[in-house]
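Please open the model in your viewer and keep the sequence panel beside it, ready to select residues by number. The stops below are meant to be taken in order.

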Amino acid sequence: MKKKIVIALGGNALLQRGEILSAENQQRSIQVFARMASVLARDYQLVIVHGNGPQVGLLALQNAACTDSPAWPLDILVAESQGMIGFAIAQELASCTGGAPVTTLMTRVAVDPRDDAFATPGKYIGPVYQPAQQAELEARYGWLMKADGNYIRRVVPSPTPLKILDSDAIQTLIDAGHTVICCGGGGIPVIAQDEGYQGVEAVIDKDLTASVLAQSLHADHLLILTDADAVYENWGTPQARALRHATVEELAPFAAPDGAMGPKAAAVMQFVKQTGNTAFIGALKDAPQILAGEKGTCVTR
């Protein structure tokens, strides 16, 4: 029986920081991912979670540009990004795997309406801008902007994922031999009502959702693919050093809620602590070498 692996594919790995947010640029990155994933599919049962930070922010920006109708809420835009990115991944992956079944599943994720994240937005979405544009953007769109490296980006609430509502459907597809693309953009954020669930204005962190999913599916591994090739000590300094192996305790200082490496570190720590299984962080193009221990960062108890 194949080992089960949940792969969290970063939105910034699909649309690189600073590049034009175009379907063509995204497709090139997806082609790289699909070729890599088709190799992994020989030995692993794949479950793929993708990010949507640049994409959902672009949808919101395009939405705001239409002044003839009110802007659509973020939960709807997250659902839209699930469909468009999931479709693109499924098309490429099915082509690379010779037509093996690949299914994209619209996925809802429950969050707590009392989550502190609603009062303190911190999730980056959309394109990057120059710091000098901050006042204009905040005045024009009513956005909250924060520094992201040398740039600024819009930030929105990112509540903690509590439960994947469509997990039974995911398991059914896995049991039928499908590669499943699910929980896109961290899942469509919903809160419990007296009857059913209601969408909320937020974007859930896809790495934290991937960790919850990997735990619920009893996955053997969690692999987080991003635009960084590893976790680094002293990042951004001449003393920067890649961590090839780290325990949960050694990784803990990297789990700050910074919107960059912090959620990734927190996600793999949670998975490893709860399951005792191995997790990995690294660059999209290096996935096979990451699992072989040659690149990226391997995290164990």
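What follows is a short tour of this predicted model, one selection at a time.

**The cavity**

Begin by selecting G57, I125, G126, P127, Y129, W143 and R154, the residues that line the largest cavity. The space inside this cavity comes to about 30 Å³, and a search of the whole structure finds one cavity of 30 Å³ or more. Which strand gives the most to this lining? Colour residues 123-129 to find out: they form strand β5, which contributes four residues, the most to the lining of the largest cavity. If you then colour the lining by residue class, you should find four nonpolar, two polar and one charged residues.

**Two crossing helices**

Next, select helix α3, residues 53-65, together with helix α4, residues 74-96. Two packed helices are described by the angle between their axes and the distance between the axes. In this pair the axes come within 9 Å and cross at roughly 120°, which means that α3 is oblique to α4. Turn the view until one helix lies in front of the other, and note that the crossing of α3 and α4 is right-handed.

**Two residues with positive phi**

Most residues other than glycine have a negative phi, and the next two selections depart from that pattern. Select C183 first, in the loop between β9 (179-181) and β10 (188-192), where its phi is near 55°, a positive value in a residue other than glycine. Is C183 buried or exposed? Its relative accessibility is 0%, and because buried means under 20% relative accessible area, C183 counts as buried.

Move on to N234, which sits in the loop between β13 (231-233) and β14 (241-243) and has a positive phi of about 55° although it is not a glycine. With a relative accessible area of 46%, N234 is partly exposed, since that class lies between the 20% and 50% cut-offs.

**An exposed proline**

For the last stop, select P253, in the loop between α8 (248-251) and α9 (261-275). P253 has a relative accessible area of 64% and is therefore exposed, the cut-off for that class being over 50%. To place P253 in the wider model, add T172 to the selection and draw a distance between the two C-alpha atoms: P253 and T172 are 81 residues apart along the chain, and these atoms are separated by 38 Å.

Notes
Residues numbered from 1 in each chain as written. Predicted model: local features only at pLDDT ≥ 70, side-chain atom pairs only at ≥ 80, totals over all residues. Heavy atoms only, no water. Buried < 20%, exposed > 50% of the residue type's maximum accessible area, 1.4 Å probe, protein only. 1 Å grid on protein atoms, 1.4 Å probe; cavity = no way out; pocket = protein on both sides within 12 Å on 5 of 7 lines; lining within 4 Å. Points joined across faces, edges and corners; volume = space filled by probe spheres on them. Nonpolar A, V, L, I, M, F, W, Y, C, P; charged D, E, K, R; others polar. Axes fitted to C-alpha atoms, helices over the stretch in contact; angles between N-to-C directions. Parallel < 35°, antiparallel > 145°, perpendicular 65-115°, else oblique. Left-handed = near helix turned anticlockwise from the far one by under 90°.
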